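Okay, thanks everyone. I'd like to walk you through a structure that's probably new to most of you, so let's get it up on the screen.

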Amino acid sequence: MDIPINHPSFTRRHLSVRPAGLLKGVKLLQNNSEVIGKRGRFEVRDDADKTRVVELKGRFIDPLPSFSIDGERIELGRPLTWYK
């Protein structure tokens, strides 16, 4: 299940995140194609053909990573709580 990223700079070139699984890590997709990055940093082109840096940082057990575009943090969902 891919999670779409709603950002005003990516209306034509859509971004989405595929959460981590048991044996696979988090993946960043642009227009349904996997983006290759290094150590959680990805360079993608926005609608104005400008290069933007996307950062994904995994959380210990949570399948959803923390996500930012050029330092602007974007919430994909509520993080898991360790207590309950």
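I'll start with the whole chain, then go to a sheet, a hairpin, the core, and finally one residue.

Before anything else, please keep in mind that what you're looking at is a predicted model.

So, the overall picture. The chain has 84 residues, and 35% of them are buried. How many helices and how many strands are there in the chain? The count is 0 helices and 8 strands, and if you read along the sequence you just get β-β-β-β-β-β-β-β. On the outside, the accessible surface of the chain is about 6300 Å², with 53% of that belonging to carbon and sulfur atoms. And if you take the contacts with a separation of 6 or more, 28% of them come from residues 24 or more positions apart.

Now the sheet. Four of the strands make an open sheet, in the order β5-β6-β7-β8, and the pairing is antiparallel. Which strands sit at the edges? Those are β5 and β8, residues 72–74, and each of them pairs on one side only. Ignoring direction, neighbouring strands in this sheet are turned by 30° against each other on average.

Let's zoom in on β5 and its partner. β5 covers residues 41–45, β6 covers residues 51–57, and 5 bridges join the two, running antiparallel. Across that pairing, Phe42 stands opposite Val54 in β6. The two strands form a hairpin with 5 residues between them, and in the turn you'll find Asp49 with a positive phi of about 60°. β5 also has two faces: Phe42 and Val44 are on the covered one, while Arg41, Glu43 and Arg45 are on the uncovered one.

That takes us to the core. In soluble globular proteins, nonpolar side chains tend to be buried together. Here, the largest nonpolar core has 13 residues, and the ones touching the most other members are Leu15, Leu28, Val44, Val54, Phe67 and Ile69. Where do the core residues come from? β2 (15–18), β5, β6 and β7 (66–69) each supply at least two of them.

Last stop, Gln30, which is in strand β3, residues 27–30. Is Gln30 buried or exposed? Its relative accessible area is 15%, and the cut-off for buried is under 20%, so Gln30 counts as buried. Leaving out residues up to four places away in sequence, Gln30 touches Phe10, Arg13, His14, Leu15, Val35, Val44 and Arg45. Two of those names, Leu15 and Val44, came up in the core a moment ago.

Notes. Residues are numbered from 1 along each chain as its sequence is written. This is a predicted model: local features need pLDDT of at least 70, side-chain atom pairs count only at pLDDT 80 or more; totals for chains, interfaces and linings use all residues. Side-chain values use heavy atoms; hydrogens and water are left out. Buried means under 20% relative accessible area, exposed over 50%, partly exposed in between (1.4 Å probe, protein chains only). Contact means heavy atoms within 4.5 Å. Two strands pair if DSSP finds at least two bridges between them. A nonpolar core is a set of buried Ala, Val, Leu, Ile, Met, Phe, Trp, Tyr and Cys residues joined through side-chain atoms within 4.5 Å. Axes are lines fitted to C-alpha atoms, for helices over the stretch in contact, and angles run from 0 to 180 degrees between N-to-C directions. Accessible areas come from the Shrake-Rupley method with a 1.4 Å probe; for residues, only the protein chains shown count as cover.
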